[in-house]
Amino acid sequence: MGKRERYRELDFFLDRHGLQPENAIEHWLQKKIISRQTLRNIIRQDAYYASVEQSNAFFMAESGKVNVGMFYYAQDKSFSKFLSFEKSVSGVVGFVDDTYVHGLIWTLHQKRMPWSSDKLCVYMTEKLSGKENTSLILSMASMKGKKAEAATYCAQYALDGVKAGDAVMACDGEFDSLYPNRVQVNAALRQISGAQLLEDYFYWTASEFSDNCAYCKHMGSGKMEKSVKFDSCIYVRPVIPF
């Protein structure tokens, strides 16, 4: 039996028993059933193996790290250096912290809309995360009977396998962390059919400047500016914290 047939049998076995590839590979490595170098050689030499989930599973089992530009699959919350032909990609990693375990994922779609067409005032007094700010904006909008189009779009985003409630609007500080990686992110987005690139234009943040204005980040120049909340020309693109 050739290598390709053995790999297909392995795929079938894992699927039949509901096993995740990374768990199997971690077991093989721990029990020294196969060496890391052998796995590296297989991935490097065989095009089929490099295109399926095991190649990513080996990478994650070996390093446990998520890196900027990796593809994200919401259906099983996995990350990959390679596009899977068996699953629909849900986003691209845009920022990873120093642990290489937590960060932010850009979703694949964006729209232009106001932060709040009737100038919702939230009065943010603390340095909160985008997730916390998004929740606060929506709570205040409900309480005051006001609109919060940008935050609502992010919270209700349900495309490409992402479930409503998983995505948020990034705050100003998070946008500052996302901005330096925009080139890598766009390189990954170009590989995904139907995905929209990050434009060299303004994007709303989940951070408020004043009663009438909110912060927006220019993804071309990197400048953080303020704009009136009812400006409907500014992009909104949800992110998924992990």
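So, how many bridges join S6 to strand S7, and in which sense do the two run? Four, and they run antiparallel. I'll start with that pair and work outwards. One thing to keep in mind throughout: this is a predicted model.

Okay, S6 and S7. S6 covers residues 202-208 and S7 covers 213-218. Together they make a hairpin, with four residues between the two strands. If you want a place to put your cursor, try Phe202, which sits opposite His218 in S7. S6 is mostly covered, by the way: six of its seven residues are buried.

Let me zoom out for a second. The protein chain has 242 residues, and 47% of them count as buried. Its secondary structure comes to nine helices and 10 strands. And if you take contacts between residues at least 6 apart in sequence, 60% of those join residues at least 24 apart.

Now the core. The largest nonpolar core holds 54 residues, and the members touching the most others are Ile137, Met169 and Trp204. Which helix gives the most to this core? That's H7, residues 149-156, with four residues. Take Ile137 as a way in. Setting aside residues up to four places away in sequence, Ile137 touches Trp115, Leu120, Val122, Met124, Ala148, Ala151, Met169 and Ala206.

Staying with H7: its buried residues are Ala150, Ala151, Tyr153, Cys154 and Ala155. And what do those pack against? Strand S5 at 111-112, helix H6 at 130-144, and also S6 and S9. So S6, from our opening hairpin, turns up again here.

Next to look at is Met113, in the loop between S5 and H6. Met113 is buried, because its relative accessible area is 11% and the cut-off is under 20%. Its contacts, leaving aside neighbours within four places, are Glu149, Ala150, Tyr153, Trp204, Asp231, Ser232, Ile234 and Val236. Pick out Ser232 from that list. Met113 and Ser232 are 119 residues apart in sequence, yet C-alpha to C-alpha they're 4.2 Å apart in space.

While we're in that part of the sequence, let's do Lys229. This one is in the loop between strand S8, 224-228, and strand S9, 235-236. Is Lys229 buried or exposed? Buried, since its relative accessibility comes out at 0%. So where does the side chain go? Lys229 reaches the backbone oxygen of Leu120 at 2.5 Å, and it also reaches the backbone oxygen of Asp211 at 3.0 Å. Leu120, you'll remember, was on the list of residues Ile137 touches.

A quick word on cysteines. I searched the whole structure for disulfides, and the count is zero. Cys121 counts as buried because its relative accessibility is 15%. Cys233 counts as partly exposed, because that value is 38%. And Cys154 is one of the buried residues of H7.

Right, over to the sheet. What's the strand order? It's an open sheet of five strands, S2-S1-S3-S4-S10, with antiparallel pairing. At the edges you have S2, 78-80, and S10, 239-241, each pairing on one side only. Ignoring direction, neighbouring strands in this sheet are turned by 35° against each other on average.

If you look at the S2 edge, S1 is residues 71-73, and S1 pairs with S2 over three bridges, again in the antiparallel sense. To find one of those pairs on screen, go to Tyr72: its bridge partner in S2 is Phe79.

Then there's a helix to go with the sheet. H9, residues 182-189, lies across S1, S3 and S4. S3 is 91-96 and S4 is 103-107, and H9 runs at about 165° to S3.

Last residue, Asn186, which is in H9. Asn186 counts as buried because its relative accessibility is 11%. Apart from neighbours within four places in sequence, Asn186 is in contact with Leu197 and Leu198.

So, to pull it together: a five-stranded open sheet with H9 lying across three of its strands, S1, S3 and S4; a nonpolar core of 54 residues with H7 as the top contributor; and the S6 and S7 hairpin we began with. That's what I've got, over to you.

Methods: Residues are numbered from 1 along each chain as its sequence is written. This is a predicted model: local features need pLDDT of at least 70, side-chain atom pairs count only at pLDDT 80 or more; totals for chains, interfaces and linings use all residues. Side-chain values use heavy atoms; hydrogens and water are left out. A nonpolar core is a set of buried Ala, Val, Leu, Ile, Met, Phe, Trp, Tyr and Cys residues joined through side-chain atoms within 4.5 Å. Buried means under 20% relative accessible area, exposed over 50%, partly exposed in between (1.4 Å probe, protein chains only). Contact means heavy atoms within 4.5 Å. A disulfide is a pair of cysteine sulfur atoms within 2.5 Å. A polar contact is a pair of N or O atoms within 3.5 Å; within protein, one must be able to donate a hydrogen and the other to accept it, and residues adjacent in sequence count only if both atoms are side-chain atoms. Two strands pair if DSSP finds at least two bridges between them. Axes are lines fitted to C-alpha atoms, for helices over the stretch in contact, and angles run from 0 to 180 degrees between N-to-C directions.
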